[in-house]
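Me: I would like to go through this model one question at a time. Please keep the answers short.

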Amino acid sequence: METYAQLVPLVVLIPLVGMLINVFWGARLGGRWPGIIGSTAAILAFIVSGLLYFYLIGNDYRAVVVNPPFLNAWISIPSGDMFIPWQMRVDTLSVTMMLVVTGVGSLIHIYAIGYMLGDSRYARFFAYLNLFLVFMLVLVTGNNFLMMFVGWEGVGLCSYLLIGFWFDKARGEGWKNSNAARKAMIVNRIGDFGLLMGIFLIFWTFGTLDYFTPGEIANPHLAEELALEAEHAAEAEAAAVEGEAAPEGEQAAEGEVVAEAAVIEGEAAPEGEQAVEGEGVAEAAVIEGEEGHGGEAAVVYTNNDHIPTEMLGVFGKTERLLEEGGHIVNFGPFSLPFETVLVLITLFMLVGATGKSAQIPLFIWLPDAMAGPTPVSALIHAATMVTAGVYMMVRSNVFYYNADLTSLIVTLVGAGTALVAGFIAIGQWDIKRVLAYSTISQLGFMVAAVGIGAYSAAMFHLVTHAFFKALLFLSSGSVIHGMEHGHHHVHEHGHGHHDDTPFDPQDMRNMGGLRRKMPVTYRVYLIGTLALAGIFPFAGFWSKDEILADSWLVGLFDNNVGGYIALGLLLLAAFFTAFYMWRQMEMVFYGQPRTEAAEHAQESGPVMTWPLVGLAILSVFGGFMNTPENVLGLDGIFGAHRFTYFLEHSVVHAHAAEFQPVIALGALALALFAFFAARTIYGAGHALVRGSRDPLAVRPETSPIWRLAHARLYWDETYFRLFENPFNRTAKFLADTLDWAFWHDYFHNTVLRNGFDALGQFLSKPVDLGLIDGIVNGIGRLARWLAGRLRGVQTGYVRTYAVTVLLGVVLVIVILLLPLFTQAGGG
Amino acid sequence: MVQIEAYVILSAVLFILGAMGVLLRRNAILVFMSVELMLNAANLALVAFAKQWNQMDGHLFVFFVMTVAAAEVAVGLALIVAIFRTKHSIDIDQLHQMEG
Amino acid sequence: MEAVSTPTLTSVVLFIPLVSMFIILLLREDTQSEYIRWGALIGSLLTFAASILLWLSYDPAQPGLQMAQRSTWIALSATDATYNISYYVGVDGLSLLLVILTTFIMPLAILSSFRSHVLVERGREKLYYAFMLLLEWAMIGVFVAQDLFLFYIFWEVTLVPMYFLIGIWGAEERIYAAVKFFLYTMAGSILMLLAILFVGTQAQSFALPDIIAKVQANPDLFPFGGLFSTQSFLFLGFLIAFAIKVPVWPLHSWLPDAHVQAPTAGSVILAGVLLKMGTYGIVRFCLPLFPQASIEWAPIVSVLAIIGIIYGAWVSYAQTDVKKLVAYSSVSHLGFVVLGIFALNSQGIQGGILQMVNHGISTGGLFLLVGMLYERRHTKAMSAYGGIWKVMPVFGGISLVIALSSMGLPGLNGFVGEFTILLGTFGSPYLGFFFALFATLGVILAAVYILYMFQKVFMGEVDKEENKNLPALHWQELAVLIPIVIVIFWIGLQPGTFFGAMDASVNQLVTQVTSAASNVVMR
């Protein structure tokens, strides 16, 4: 059992191998083989995840850190005290995510075998899907923030590849698909910027990026409680009492553990293992060897006191530093108190989460991402990739729990997003777009849950949402497929007019009455709708209500106004959810077919419908994994808050919320009322007014509101005006005007080069030729002029020469006799 | 003995006359005659001073001067004959081809 | 310090290209052109093999110079034997990786020229390959030279073959680009020469390790008195020469011209190695020789680097010529490197050096890809393409990997360097939070232009007739691309070998610089 944990690298490697096979040989294999290979890889990964789950149970839910083979150190700079390894973590949180990703992923892979059949790049599709699994699993199994970031960006890459999968579709559609892909990646990158800044802060605050070091216990309080409990249970056993007994009963009731007697089975010898199994009680820590008896005498710790602070992972360090209090963090030239740094870290990470999990203000990429094939929308944009932000925040619950300001902001962002997206969904015609905004809205629920501290509720909703949203998306794919078949059928058989206007099989206005044409799809879609809207007893009811209950309790007991705000906004969002889902049901499945294509729609094949059924079953029963106590005796069958207790081992601040019947029934009533309202407005033939107008758009009191929802609150247009257009224009300005025309051409060519040339011209002509040569030539001319003048002395006349001689003689005599005269004068 | 001043004055007058002749006369032969006059004026002064100081140097030098004068006259007259042969005139004002 | 020492492995690596060049020059162009080409390739491969041997012989635990060789060349003083200009070469953690980068890129560049049309058109193949080998000799020389004069000589020598490569085998405006490249770089080099002369006479030695030791012993050897003192001017003299080479904004105008006009192999070498000479110079000379000035000027230079990061990426996005786009992206990428260097801590500098290698590989790869497209369609305008991924799937796949590496996708090489640089910047006592904030914005901008380029060229429909039947990748082209892809993944997943080679030397450098920090008044 113990060595199964070492299998965790396989969970990443198997899809990787699947991808490589499909990349290099997929096209050659042909037929359905690439799909089968891809699905097999996903299923094998699921099996490994399952093995890990059972391992955890056997290991009392203690986490294990595994080093993958060959690849231990990643970034190692000893002189900078920087050591970031490739290290994987098997704990309850990561196994939960693994199971969801591989489980839902496998079903989607199988579905895609049929859905994508016939596509020219079939093998590539499955290669990308497997690559996505690789990255997503790296994200959830990583034991440090940088590995999570690798997975984070990697899934962004796969999203890019898969959204733009049909990049070569004709008539400009391919270009639009590529644009959507690029938009997704760039908006995600903006979020990644925030996450990176958070990671830098984390590193410089804690010196490490590891969540926990090997051997560190994520939740020491729980471990200690359970250890205490097991001790008491062992003592009670020594008195050989089974069932209800006084010592057991008293001592078994502690903390969040249910006050039911622990039923001890198996041998209870003092030295041997004390396996505690049973229903209702949370997992107990097994203490072995403390009494120093024989057998396996491995020392098992229940807290982290034996680990020095520098060795702990970031979360352990946070707890210690907060306990000690008064710590100042220095990074670069700044220093801040530790608590402030926590707020900064969580804020930056929130930016990352808004990008990846499509919250305000970075959700705009998700609706456009619907350009990708439907299995992609189901897997990536509903079940897994978008939940990465929620996962990150739940993993960092220690940070968020201790950063109140950020938690409030998170709540507002989440609840606000839930409401806004829910509102926009009411105005959409495209079946996938409604689901896209629904996803954004539900992610808002999860994020709001994180904000109010309901981490297990958020994870619970994450899991159930994966089930029913994937179901809804895949079913919508089935609907679209059916519509396309109907359309081809119409054209092939030459029914009626040949219409060259492009037919959109995703437009709900073209549908109607598909209940009769596609019965299986209809039924599973109905189940999905009920689950999403939160109808008892489907999965969504439990998870959504846990969030609502938690927000009420947080508002009431923690004096956290965020709780009340969340409750209000989320209730409203829940109303919208139910409303637009039933609108969708009415438009698509009920009533009469509105087009010929809908008339001739066909049900999809079994390879597509069987995964739907699987997901439907999960949507029906999935909620029971976390039933609250004392509700209709369900906890007797399924156990109370099993999922929460499972998570608690990794998520310190996971707690179970007491069931709030008022809120639950209130939400249920609200949802049913929304159904009724939608039925009234859209049902029984009213679905569309005059062929293609929404009833809400026609009524004067609701018309402006509906149009606002239909225009998606002008969000994309605003972003274009505020960011995209200025960015593009600045880019052009910088490139053409500033850099090329001014700096390159004007400054370098005109000023420098031509200036230099001009200087050269100046120096060579006026200065060199004019001045310097002038001087040199001038001297020559001067000499000639002088000579010309002096030439005049030579008259040629002898008499002149004679005069000159005479004068010269006289001069000489005077000079010779001068001293005589002066002497005579003076003397 | 006559006063030495008389001899010097006479020599000077003769010299100036000779110089004037050289400068003012146009006939080449007359110029030569004036040159001879100047030379002889110098000779007179030399002899007079030699007598006064009772030195033989003056008398010696006079002989040199007379020899040089004779040689110079010979050469000069030869030059004049050559010039006359080309220019058919001994007007020195017509000899200015070496002007600048 | 022997007068003449036995040649070490460093010198062997240095001179194999030169010897190959001479051999090639002896061959006849008209009858033996095959021998010329393959001879050049074999010569560069031998150099690469020797450099691998160098790497294996290198002891990463030793921070100092290894496999060094010093022989006196020009004696400057009759009494002091150490005051001379010497042939002094050696490798340490700072230069080892760059030498290997050089010897790795050259065979790829040479191999990519085998199928070059422009060589066939303009002829003079022998001269071309001779220039390539000469360039390799000079580039390796820059990285291994330990004497200031020797360094300067090699630095200047790299200009000549590059000038000819651009000028003879380049595109339409090649003369303008070649001359501009030459003059611009040389203008900076002159300042460096002045500084070298001052440094050498002041320190009574031209051998770098000796000068550094003297600086460490006497921090006032080059007097420092603030932003514009003697040491700062010396620092600037070197820095400006290197900044032109890197290029640091705003001294980058020569780069787009040089890249667009150069032949493919020229661009590959220019982007792959020549630009790194600038950043290497900063690490090798500016930091250890002028530590106080480095600290004082770090924020200012970092601001320029960040402007370069953002400006380069932003301008890249607006380009229509794909080679120009990649040229501006180099400005952006090397802005990161300069930023990392001036973080003046171990993470920043090691990230910077690793990113130098990464950029050489990724951008070299990008230029090779562009060259392959150009061979087929003879145009570099992005609008002429579209949908290429469908027509050439393997090429598209490889291009995606290289483009993502340039963009810094985690798991590939670019990310490791960028992350380490940004981390170092964030925690650097001289830079800090705001520098890292603005630099990390570059991460977003990089995605913008790379994805746009990829989409414009590779995605969309194949709507142009000429694009519908492009020939698939030739084995020689594949042979050039595969090593690049392998290295991209290797550095991305296991950079440990690369960091390990640098750690000791960088640690020593950081200690040398920060020990002078007490002389500088902090902001």
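Me: How do strand β5 and strand β6 of chain A run, parallel or antiparallel?
Reply: This is a predicted model. Strand β5 (residues 328–331) of chain A is joined to strand β6 (residues 334–337) of chain A by 4 bridges. The two strands run antiparallel.

Me: Which residue in the turn of the hairpin formed by β5(A) and β6(A) has a positive phi?
Reply: A:Phe331 has A:Phe334 in β6(A) as its bridge partner. The hairpin leaves 2 residues between β5(A) and β6(A). In that turn, a positive phi of about 65 degrees belongs to A:Gly332.

Me: How much of chain A is made up of buried residues?
Reply: Chain A contains 30 helices and 6 strands. Among its contacts with a separation of 6 or more, 77% are between residues 24 or more positions apart. Of the 827 residues in chain A, the buried share is 53%.

Me: Which helix gives the largest share of the largest nonpolar core?
Reply: This core has 460 residues, and those touching the most other members include A:Phe132, A:Val450 and A:Ala458. The largest share is 19 residues, and it comes from helix α17 (residues 455–492) of chain A.

Me: Where does this core lie with respect to domain 1 and domain 2 of chain A?
Reply: Domain 1 is made of 1–228 + 364–382, and domain 2 of 403–493 + 504–710. Both domains of chain A give residues to the core, so it lies between them.

Me: Which residues is A:Val450 in contact with, leaving aside neighbours within four places in sequence?
Reply: A:Val450 is one of the residues that touch the most other members of the largest nonpolar core. With those neighbours set aside, its contacts are A:Val390, A:Met393, A:Val394, A:Tyr400, A:Val410, A:Tyr455 and A:Ala458.

Me: How many residues are in the other core, which lies apart from the largest one?
Reply: Its members include B:Val31, B:Leu39, B:Ala41 and B:Ile92. This core has 11 residues.

Me: How far apart are the C-alpha centres of domain 2 and domain 3 of chain A?
Reply: Domain 3 of chain A covers 797–827. Its C-alpha centre and that of domain 2 of chain A are separated by 135 Å.

Me: Which helix gives the largest share of the side of chain A that touches chain B?
Reply: The contact takes 12 residues from chain A and 11 residues from chain B. By class, the chain A side has 6 nonpolar, 4 polar and 2 charged residues. The largest share, 5 residues, comes from helix α30 (residues 798–826) of chain A.

Me: Which chains have the most contacts between them?
Reply: Chain B and chain C have no contact, and their closest C-alpha atoms are 59 Å apart. Of the 2 pairs of chains that touch, the one with the most contacts is chains A and C.

Terms used: Residues are numbered from 1 along each chain as its sequence is written. Chains are lettered from A and ligands numbered from 1 in the order in which they are written. This is a predicted model: local features need pLDDT of at least 70, side-chain atom pairs count only at pLDDT 80 or more; totals for chains, interfaces and linings use all residues. Two residues are in contact if their C-beta atoms, placed from the backbone, lie within 7 Å. Ala, Val, Leu, Ile, Met, Phe, Trp, Tyr, Cys and Pro count as nonpolar, Asp, Glu, Lys and Arg as charged, and the others, Gly among them, as polar. A nonpolar core is a set of buried Ala, Val, Leu, Ile, Met, Phe, Trp, Tyr and Cys residues joined through C-beta atoms within 7 Å. A residue is buried if 20 or more other C-beta atoms lie within 10 Å of its own, exposed if 12 or fewer, and partly exposed in between; C-beta atoms are placed from the backbone. Domain bounds come from an automatic or database domain assignment. Two strands pair if DSSP finds at least two bridges between them.
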